[in-house]
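Student: I am new to this structure and would like a close look at a single part of it. Please show it to me before I ask.

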Amino acid sequence: MFEITDNKLNLLVDGNIVGYILYDEKDDYIIGSYIYVTPEMRGRGYALKLIDRFVEFSKDKNKKILPVCPVIKRVIENQYKDVLRWLL
């Protein structure tokens with residue numbers, strides 16, 4: 001389950017936050033600045049689930065993603081080029 005708060009997309013498992021993406025929303029794009037998954041939950045695909053939901057979130061808002069975090073950047077460049085916003 002996902003929960004979106006101001007500048008944070010949380011992934012919850014059994015009611016506990018196991019990971020999140022920090023973002024900053026601009027007029028026409030969203031900056032993906034940081035992704036975190038708790039150490040005990042790593043290796044279960046939760047980072048990809050977070051990024052998938054983050055991409056869906058950006059599409060719902062009709063905004064591109066400017067990925068600052070290297071993990072978010074790598075996944076978006078490889079799988080979601082349609083939402084990628086390049087630095088000018």
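Student: Leaving aside its neighbours within four places in sequence, which residues is isoleucine 76 in contact with?

Tutor: A word on the source comes before the answer. This is a predicted model, in which local features need pLDDT of at least 70 and side-chain atom pairs count only at pLDDT 80 or more, while totals for chains, interfaces and linings use all residues. Residues are numbered from 1 along each chain as its sequence is written, and side-chain values use heavy atoms, with hydrogens and water left out.

Once its neighbours within four places in sequence are set aside, isoleucine 76 is in contact with Ile51, Val55, Ile65, Lys81, Val83 and Leu84, where contact means heavy atoms within 4.5 Å. Isoleucine 76 itself belongs to helix α2, which covers residues 70-79; helices (H or I, at least four residues) and strands (E, at least two) are DSSP runs, numbered from the N terminus. Its relative accessible area is 0%, so isoleucine 76 is buried, a term that stands for under 20% relative accessible area, with exposed meaning over 50% and partly exposed in between (1.4 Å probe, protein chains only). One of its contacts, isoleucine 51, is 25 residues away along the chain, and the C-alpha atoms of the two are separated by 8.1 Å.

To place this part in the whole, the protein has two helices and five strands, which run β-β-β-β-α-β-α from the N terminus on. Buried residues make up 42% of its 88 residues, and, among contacts between residues at least 6 apart in sequence, 42% join residues at least 24 apart.

An aromatic pair also links distant parts of the chain, with tyrosine 23 in strand β3 and phenylalanine 57 in helix α1 (residues 46-60), 34 residues apart. The ring centres of tyrosine 23 and phenylalanine 57 are 5.2 Å apart and their planes stand at 55°, so the pair is tilted. Here rings of Phe, Tyr and Trp (its six-membered ring) pair if their centres lie within 6.5 Å, and planes under 30 degrees apart count as stacked, over 60 as edge-to-face and the rest as tilted. Both partners are buried, since tyrosine 23 has a relative accessible area of 6% and phenylalanine 57 one of 8%.
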